[in-house]
Amino acid sequence: MDGSINFTPILEQVLDEVRPLTLQGKVANYIPELGHVDRNKLGIALYLPDGGTYTAGDAHERFSIQSISKVFTLIMAYRKLGDSLWQRVGREPSGNPFNSLIQLETDQGIPRNPFINAGALVVTDVLCSQYVNPHLAILEFIRQISGVEDINFNPRVARSEAQHGFRNAAMANFIKSFGNLKSPVENVLETYFRQCSIEMSCAELVSAAQLLVHYGTALGVSEALLTPSEVRRVASIMLTCGTYDAAGDFAFRIGLPAKSGVGGGILAVVPGRMALCVWSPALDAHGNSLAGSRALELFSGRTGFSIF
Ligand SMILES: NC(=O)CC[C@H](N)C(=O)O
């Protein structure tokens, strides 16, 4: 695809086609505060290195990034620990739902990958050991790489999740029992719930993802934050684990490394080529945005933006 194409009409057409799907699926309400979001919201943003940013629909409205935050915390922890990170968390798809506890016992508290909740808690624990105020460090990092200074937490969402986060608390305690959480469980959970409550728009997420598109160089940051080979590894984990037990189906239908969140956002990235973010709050049974997944599928099918 060449940079002179105007992608806005393609994005608008994709949104028009998937709009009926926003009525299907379920807005996540196991975090009660997320259940109040309007299911009619639908936005998409595309960043191309040689073409800039294209947007359609509600691309500038902020939503709860939830598990998309796991991409940013993984990058931060990877920067700090390098390959020794993989002693504490694996990089194999789990084939199980994002909040499953089932493999943790047989795997001795080493979560399968950094994008299921168990793995993300370990990654957040790494940041708790590295920073005095890890939640502020995460926010600062996201502000820095996106170039948007007023990105923030939503304290109501963080509190709502803390009040109902029994599974995550069980998981964190279980991992701690195997010695794979170093900080107190309460600190790790508090940081994790806050990072999940960060609000960004599709346009802001594709800005932040420039770090991966440009092989480690972020917007407005002079030094490289990751090496090109680290970027390829993060993208590979997005492809194999970023959409949980639907990752195989995502690779088959869409062919893009992607990370979803229960706020209804999905961020897809191809290093060197593009970042694409879609938001529609209603989710399918795997916890991935239903209309959002279809939008990515239509877009990649129509433009040939697939890694395969
Ligand atoms: N898949 C997700 O977005 C899950 C994130 C959510 N905060 C949770 O821990 O349940």
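Two exercises with worked solutions follow, on the domains and the nonpolar core of a predicted model.

Residues are numbered from 1 along each chain as its sequence is written. Because the model is predicted, local features need pLDDT of at least 70 and side-chain atom pairs count only at pLDDT 80 or more, while totals for chains, interfaces and linings use all residues.

**Exercise 1.** State which domains the chain has, and describe the side of domain 1 that touches domain 2.

*Solution.* Begin with the assignment, which gives domain 1 (8-64 + 200-303) and domain 2 (67-196); such bounds come from an automatic or database domain assignment. Next, take the centres over C-alpha atoms, which lie 20 Å apart. The contact involves 35 residues of domain 1 and 31 residues of domain 2, where two residues are in contact if their C-beta atoms, placed from the backbone, lie within 7 Å. On the domain 1 side, α11 (228-241) is one of the elements that supply at least two residues, and α11 gives the most, with 6 residues; helices are DSSP runs (H or I, at least four residues), numbered from the N terminus.

**Exercise 2.** Find where the largest nonpolar core lies in relation to the two domains.

*Solution.* First, a nonpolar core is a set of buried Ala, Val, Leu, Ile, Met, Phe, Trp, Tyr and Cys residues joined through C-beta atoms within 7 Å, and buried means that 20 or more other C-beta atoms lie within 10 Å of a residue's own. The largest such core has 102 residues, with V206, A209 and C277 making the most contacts inside it. Helix α4 (residues 117-130) gives the most to this core, namely 8 residues. Finally, both domain 1 and domain 2 give residues to this core, so it lies between them.

Definitions and conventions:
Buried ≥ 20, exposed ≤ 12 C-beta atoms within 10 Å, placed from the backbone.
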